[in-house]
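Biologist: Got a minute to go through this one with me? I keep seeing labels and I'd like to know what earns them.

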Amino acid sequence: MITQDSPSPATHFANTDMSSEIQLARFVVHTSLAEVPTSALQTIKWVLVAVIGTGVAGAWEEGIAELRSLLVERGGKPEATSLLFGDALPATSAAQLNATMCRALDYCDAMAPGPHFGSAIVPAAFALAQARGGCSGVALLEALVVGAEIGARFNLSERMYDGFDPTGIAGVFAATATASRLMALNEVQTVNALALAFNRCGGSFQSHVDGSLAVRLVQGFVAETGVWCAQMAARGLTGPKNFLDGHYGYRHLYAKGLRDSASFTEGLKTRWLLETIVFKKYPSCGVTQGVTNQALELIAELNLQPGDLDYAEVRMPPYAAKLVGTPFVMGDNPRVNAQFSAQYCVANAIWRRSSKLNHFRPTAIAEAGLQALVARVKVIADPGMDLRGHSAVDLKLRSRDGRTARRSYDVSPGFPGRGLSAAEHQARFEDCMAYASARALEAGESGTESAWRTGALLDAVNTIQQQANVVPFWASIR
């Protein structure tokens, strides 16, 4: 069991000192599962399902073998294990590798306008559960709840992020809150952990626009940071106690002075922002969910075959268009480029009449007929759509014989107000398991029947609060 070797001289702040930073720390330290509404708890369980599924499926994607080799060679104290492979690593390294795997397919949970919390908080939590010699299901869920809620409260608007990667900004607080709770830090230590995390904020959406592996690597940086900051705070290392409200704090540097202090703490334990987490129906960027769904609806309405398409016109808010509206190119990392391309997602839906993980493999992306369709899709940035919401999108299809059809969404599938059904959550998980089995066989690994793995894993997540120790469950995912 890890112990807190250098506890702070004080374990609690005075009751009269109620800065926003302290209120957030108290929420992290003292929130119990009994205070969490059923709907919020179910959201966290769906996060677990999404992250485990995408982590298993992402184990053989580009960059994972190289990162794994680097971390194994670097070595260190064996505290936790890598997902699927079982490498014994320091908790920080295990969190980094597992988080990178969980984000590799970009099919994990997200939140408008772009942070991915689950693929950071889940790997951080299990790494520390192993490092500490065990953790109950209740304790795990409590840590995930406070992490997701803290991350949601640090989440900003498109205007405030202004090109920063939201995962690299708000996500570090989510991962650090989860790690702090798993390590049973007190209030003073938790403030210091979050303050240290503040100094690790970073990441740019240019990674996404350029189709680089940095998209998934940032997720690993965030999970590693969460574990590191909690471990350092446990040893008595300090950060700026006014990391939120100080003159050069988070509200000034990242929120650009556009959010007041109370907005970060208002409604703690009564208003659960984690319930705004988005679950993707399709394995691509969140702002491509709507246009993918629209394309599938419209080709059914027109009974349109790929060769019948004259053109497709996509209209999106400028923020979304900057992220996924640039002309599609295969590039050095075709999967990333396709995941973040509205052109590709529309063309793929028309070409294959579905959108699955296999459709984002380089060989599938390169099909000549599909690439010809991509050229017929035009993306327009429409400033007038900003008022309709982050996931607003319009699609118009025109056939060669002059027929047209349109769809307009203010809220896309998977976003708050249009959440996925239990059947849709299971369908996306099954896609992950089927994809993982195929990739494992290609890699020469012995696969397990995806139907069995799906049922067993879903049942384990559904009953996880009954588990006395979640470490065997994590180790069983092979």
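What follows is a short chat about strand and ring labels in this predicted model.

Biologist: Why is strand β5 (residues 393-399) called largely enclosed?

Modeller: Buried means under 20% relative accessible area. Six of the seven residues of β5 meet that, so the strand is largely enclosed by the rest of the structure.

Biologist: How do you know that β5 pairs with β3 (residues 309-316) and with β6 (residues 404-409)?

Modeller: Pairing takes at least two bridges. Six bridges join β3 to β5, running antiparallel, and six bridges join β5 to β6, antiparallel as well. D394 shows it nicely: R315 stands opposite D394, and D394 stands opposite S408 in β6. In the hairpin of β5 and β6, four residues sit between the strands, and G402 takes a positive phi near 95°.

Biologist: The structure holds 15 aromatic pairs. What makes F154 and F264 a tilted one?

Modeller: The ring centres are 5.5 Å apart, and a pair needs them within 6.5 Å. The planes meet at 55°, which falls between the 30 and 60 degree cut-offs, so the pair is tilted.

Biologist: And why is the pair of Y250 and F264 called edge-to-face?

Modeller: Here the planes are 80° apart, over the 60 degree cut-off, with 6.1 Å centre to centre, so edge-to-face fits. Both Y250 and F264 are buried. They belong to a cluster linked by ring pairs, with F154, F164, F173, F243 and Y254 as further members.

Biologist: How do you know that the charge of R428 sits over the ring of Y107?

Modeller: The charged end of R428 is 4.2 Å from the ring centre, inside the 6 Å limit. R68 likewise lies over the face of F85, at 4.0 Å from the ring centre.

Terms used. Residues numbered from 1 in each chain as written. Predicted model: local features only at pLDDT ≥ 70, side-chain atom pairs only at ≥ 80, totals over all residues. Heavy atoms only, no water. Buried < 20%, exposed > 50% of the residue type's maximum accessible area, 1.4 Å probe, protein only. Helix = DSSP H or I, 4+ residues; strand = E, 2+ residues; numbered from the N terminus. Phe/Tyr/Trp six-rings, centres within 6.5 Å; stacked < 30°, edge-to-face > 60°. Lys NZ or Arg CZ within 6 Å of the ring centre and 35° of its normal.
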